[in-house]
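Ready to practise reading a protein structure? Work through the exercises below, and try each one yourself before you look at the solution.

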Amino acid sequence: MFKRHNKISEMVDEHTHVQKDKLVLNPPFPDTIKIEIMAKCNYKCPYCAVRYNIREKGEIDSSFLFRILREAKNIGVKEIGMFLLGESFLCKRLSEYIYYAKKVVGIEYVFITTNGYLCDKKRMVPVLEAGLDSIKFSINAPDCFGYKKMHGVDGMNRVLSNIKWLKKYIDKNEINIKTCVSSIYDDNKKEEFSKFKEYILQYVDDFYFLPLYNQAGHCISGGKIVGNPGRFDNMVSPVPCWALFNAAKITWDGWLTACCFDHDERFKISDLNKVSLLDAWNDKKFINLRKEHLCNNITNKSLCSKCLGLCGE
């Protein structure tokens with residue numbers, strides 16, 4: 001039976017802290033899939049490689065998405081995240097896709113992460129009515145000046161206004177949805193972030209910090225944090241990487257990818273336009289990656305070398 005998360009941070013920890021029985025070459029297909037319905041983004045965050053336009057960006061084909069959602073339901077997937085590297089609120093059919101996942105297919109939990117800039121009443125009401133279960137806003141600075149520096153857009157006041165409106169609307173209409181804010185933690189702004197956290201928790205159910213990931217080697221300002229260790233306050237070892245065992249990720253053009261930060265398509269596993277979800281999950285390329293991580297045998301020739309701070313070729 002599916003257990004609804006009390007907090008979004010609990011869901012994050014459930015994904016990143018992989019159970020030992022799943023740390024095998026052929027783990028069961030995960031309960032969660034993230035699907036990139038839109039690869040484009042309206043922000044220019046300096047730490048995010050989306051702005052480099054390394055790969056072609058587009059919008060998911062609806063017939064492909066509907067097929068994947070039906071297939072996912074049939075193999076027992078419980079959670080669908082309708083985002084990956086882009087900003088999903090740029091997709092005009094977002095509410096339709098959420099409705100199809102929830103009301104037509106019967107996916108138990110649909111969630112999204114957004115920068116929140118487009119989350120005004122006009123956009124949010126259809127999404128809420130479609131049945132979205134949780135939404136997380138990425139606000140990676142404690143003030144407007146830092147926000148513009150971190151996101152490349154002067155949008156903090158607009159995002160905060162959207163979140164405040166959402167809080168009132170949820171309370172007034174008694175909507176069952178979880179809300180959250182995450183921030184990339186900066187130790188130099190400890191006091192400012194502490195105050196911001198206290199402030200924003202008036203309007204959302206949950207808040208957590210993230211480390212500044214190096215985004216598979218694309219973010220040179222990532223410091224000492226390598227891989228994807230999860231939440232800042234509850235990080236896991238980057239090896240073995242949880243994403244290889246406990247989450248499936250699908251790009252807008254239909255590929256199962258092994259990495260949350262596949263900005264240059266080097267982690268492509270299988271073309272889901274040609275193979276099933278289960279066949280892609282058990283692809284030889286995926287198994288070899290898992291083997292490297294389980295044996296802790298990641299060299300500078302591995303696909304994961306740059307993400308883990310090794311000198312890739």
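**Exercise 1. Place phenylalanine 137 in the structure: which strand holds it, and is it buried or exposed?**

Solution. Keep in mind that this is a predicted model.

Step 1: Look up the strand. Phenylalanine 137 is found in strand β4.

Step 2: Check the accessibility. The cut-off for buried is under 20% relative accessible area. Phenylalanine 137 has a relative accessible area of 1%, so it's buried.

Step 3: See what surrounds it. Skipping neighbours within four places in sequence, the contacts of phenylalanine 137 include Thr114, Gly116, Cys119 and Ile163. Leu166, Cys180, Val181 and Ser182 are also among them.

Step 4: Try a residue from another part of the chain. Lysine 249 is 112 residues along the chain from phenylalanine 137, and their C-alpha atoms are separated by 20 Å.

**Exercise 2. Describe strand β3 and find out which strands pair with it.**

Solution.

Step 1: Start with burial. β3 covers residues 109-114, and six of its six residues are buried.

Step 2: Sort the side chains by direction. Tyr109, Phe111 and Thr113 point one way, while Val110, Ile112 and Thr114 point the other way.

Step 3: Take one partner. Strand β2 (residues 79-81) pairs with β3 in the parallel sense, over three bridges. Here glutamate 79 stands opposite tyrosine 109 of β3. To get from β2 to β3, the chain passes through helix α3 (residues 94-105), and this β-α-β crossover is right-handed.

Step 4: Take the other partner. β3 and strand β4 (residues 134-138) run parallel and are joined by four bridges. Isoleucine 112 has isoleucine 135 in β4 as its bridge partner. The chain goes from β3 to β4 by way of helix α4 (residues 121-130), in a β-α-β crossover that is again right-handed.

**Exercise 3. Work out how phenylalanine 207 pairs with phenylalanine 196 and with phenylalanine 209.**

Solution.

Step 1: Know what to look for. A pair of aromatic rings is described by the distance of the centres and the angle of the planes.

Step 2: Apply that to the pair with phenylalanine 196. The rings of phenylalanine 196 and phenylalanine 207 are 6.2 Å apart, centre to centre, with 70 degrees between the planes. Planes over 60 degrees apart count as edge-to-face, and that's the label for this pair.

Step 3: Ask where the two rings come from. Phenylalanine 196 belongs to helix α7 (residues 190-200) and phenylalanine 207 to strand β6 (residues 206-210), so their pairing ties together parts that are eleven residues apart in sequence.

Step 4: Now do the pair with phenylalanine 209. Its ring centre is 4.9 Å from that of phenylalanine 207 and the planes are at 85 degrees, so this pair is edge-to-face.

Step 5: Check burial. Phenylalanine 196 and phenylalanine 207 are both buried, and phenylalanine 209 is buried too.

Step 6: Zoom out. Tyr185, Phe193, Phe196, Phe207, Phe209 and Phe232 form one aromatic cluster. The whole structure holds 17 aromatic pairs.

**Exercise 4. Which rings does arginine 290 lie over?**

Solution.

Step 1: Look at tryptophan 281. The charged end of arginine 290 sits over this ring, 4.5 Å from its centre.

Step 2: Look at phenylalanine 286. Arginine 290 lies over the face of that ring as well, at 4.1 Å from the ring centre.

**Exercise 5. Examine three of the ten salt bridges in the structure.**

Solution.

Step 1: Recall the idea. Side chains of opposite charge can pair when their charged atoms come close.

Step 2: Start with glutamate 96 and arginine 93. Their side chains meet at 2.8 Å, N to O. Glutamate 96 is partly exposed at 34% relative accessible area, and arginine 93 is partly exposed at 32%.

Step 3: Move to lysine 102 and aspartate 133, whose closest N and O atoms are 2.9 Å apart. Lysine 102 is in helix α3 and aspartate 133 in the loop between α4 and β4, so this bridge ties together parts that are 31 residues apart in sequence. Lysine 102 counts as buried at 19% relative accessibility, and aspartate 133 counts as buried at 4%.

Step 4: Finish with aspartate 171 and lysine 167, which meet at 3.2 Å, N to O. They're four residues apart in helix α6 (residues 156-173), so about one helical turn separates them. Aspartate 171 is partly exposed at 47%, and lysine 167 counts as partly exposed at 28%.

Methods: Residues are numbered from 1 along each chain as its sequence is written. This is a predicted model: local features need pLDDT of at least 70, side-chain atom pairs count only at pLDDT 80 or more; totals for chains, interfaces and linings use all residues. Side-chain values use heavy atoms; hydrogens and water are left out. Rings of Phe, Tyr and Trp (its six-membered ring) pair if their centres lie within 6.5 Å; planes under 30 degrees apart count as stacked, over 60 as edge-to-face and the rest as tilted. Helices (H or I, at least four residues) and strands (E, at least two) are DSSP runs, numbered from the N terminus. Buried means under 20% relative accessible area, exposed over 50%, partly exposed in between (1.4 Å probe, protein chains only). A charge sits over a ring if NZ of Lys or CZ of Arg is within 6 Å of the ring centre and within 35 degrees of the ring normal. Two strands pair if DSSP finds at least two bridges between them. A crossover is right-handed if, with the strands pointing away from the viewer, the path from the first strand over the helix to the second runs clockwise. Contact means heavy atoms within 4.5 Å. A salt bridge is a side-chain nitrogen of Lys or Arg within 4 Å of a carboxyl oxygen of Asp or Glu.
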